Amino acid sequence: MNAEGDVLSLMLAPAEMNPLALELDCPEGHLNFTELIQPESEVSRERDLLCIGELTIRLDSAGTWDPFPDWGAARENRQRVQDLIGDITKLLIASHSPDSLVVFLNVPDSISDSTFSGWQKRAREPVTRLLAGLEAGDTSAVLAGASNLAGLGMGLTPSGDDFIIGVMHALWCTTPPEEATALCGELLKAVAPKTNRLSASYLARSAFGEAGEVWHSLIEAMVRGDAVGISSPVKTLIGLGHTSGQDALSGFVLGYRYAQSQ
C-alpha cells in the first residue's frame, strides 16, 4: 500500500500502466514474486530503496508516469467526444459478455427481468437510480444508487465498482474539475466501505481523476474526433479482466449520456 492506503501492484515491463502499478524493468522470468512477496509482507522505504518483503527496488533512476488523462481537452472538445459515444456503444454491444453490465446500454425500462442474471437484477435498480440522479442533478440519488451498486458482481474488482469507475471518468469529462472532485469524492465515501481493498483503491484513484493508460489513449482519440483511433483502446478495454473493462466502459457511456443531459 502507499501512504494513502491504496493497494499497489507490481508488473514486469512492458505492460500498460495504471495509477496503482509499479513497473519493474527486469528480464522476464528472473523474478519469482511468490518466493519474494507474500500478502502479509512488510513494505518500507529507505532513501532510494523500496523494500517489499524480500524484494528490494531501487528508486534513484525511476521514471514517473502521469496518471491524469487530459480531461480539460475532453471538456473543451465536448462535441467531438459526444459524437463518438455512439461508436463506442456499438463496439461494446458487438463484443460484450452476457454477464456484463453492457446489458443496460440498450435495454428499455419496461423489459422483463428474465433478460438479466441474478446479480444483474439486483444491479438494475441502483444503476437506474444513479443515472436518474445524474440526469436530474440530484446528488443524493447518485450516491444512493452507487452505494447499492458497489460490491455487486464478479471479479477482483466487482462489476458494480467498475461501472462506478466509468461513471467517474465520465464526470471528469463533462464537469469542471472542482465539481468532478467534489462529486467523485462523495461517491468514493459512499462506495469504498462496500467493497474490497483492491477495488476501493482503484475507485479512489478514479475519484481523483486518475485512469489507466488505455483510458488515456481512448480520451486522446475522442478529443481528436478519431472514429478509427478509438477502436484499439475500446477493444483493449472489452478484453480487460472477465468483464471489468466492459463494465467500466458501460458506466462511462451511460454516465456521459446522463451527465450531458443536465
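I began at the β4 to β5 pairing, where Leu 49 has Arg 58 in β5 as its bridge partner, and I noted that strands here are DSSP runs of E of at least two residues, helices runs of H or I of at least four, both numbered from the N terminus. I kept in mind that this is a predicted model, in which local features need pLDDT of at least 70 and side-chain atom pairs count only at pLDDT 80 or more, while totals for chains, interfaces and linings use all residues. Residues are numbered from 1 along each chain as its sequence is written, and side-chain values use heavy atoms, with hydrogens and water left out.

I then looked up the next pair and found that Leu 50 is bridged to Ile 57 in β5. Strand β4 (residues 49-52) runs antiparallel to β5, and four bridges join them; two strands are taken as paired if DSSP finds at least two bridges between them. The two form a hairpin with two residues between them, and Gly 53 in the turn has a positive phi of about 60°.

On the other side I looked at β3, which pairs with β4 in the antiparallel sense, again over four bridges. Val 43 has Ile 52 in β4 as its bridge partner. This hairpin of β3 and β4 also has two residues between its strands, and Arg 47 in the turn has a positive phi of about 55°.

Put together, I have an open sheet of three strands in the order β3-β4-β5, with antiparallel pairing. Its edge strands are β3 (43-46) and β5 (55-58), each of which pairs on one side only.

I turned next to the second largest pocket, which holds about 720 Å³ of space. A pocket here is an open set of points, on a 1 Å grid over the protein atoms alone, where a 1.4 Å probe fits, with protein on both sides within 12 Å along at least five of seven lines, and lining residues have an atom within 4 Å of a point. I recorded 32 lining residues, of which Asn 18, Thr 157, Tyr 202, Leu 240 and Ser 244 lie nearest the centre.

Which elements each supply at least two residues of this lining? I listed β1 (9-12), α6 (159-174), α8 (197-207), α9 (213-224), α10 (231-238) and α11 (244-260), and noted that the largest share, four residues, comes from α8.

Note on methods:
Points joined across faces, edges and corners; volume = space filled by probe spheres on them.
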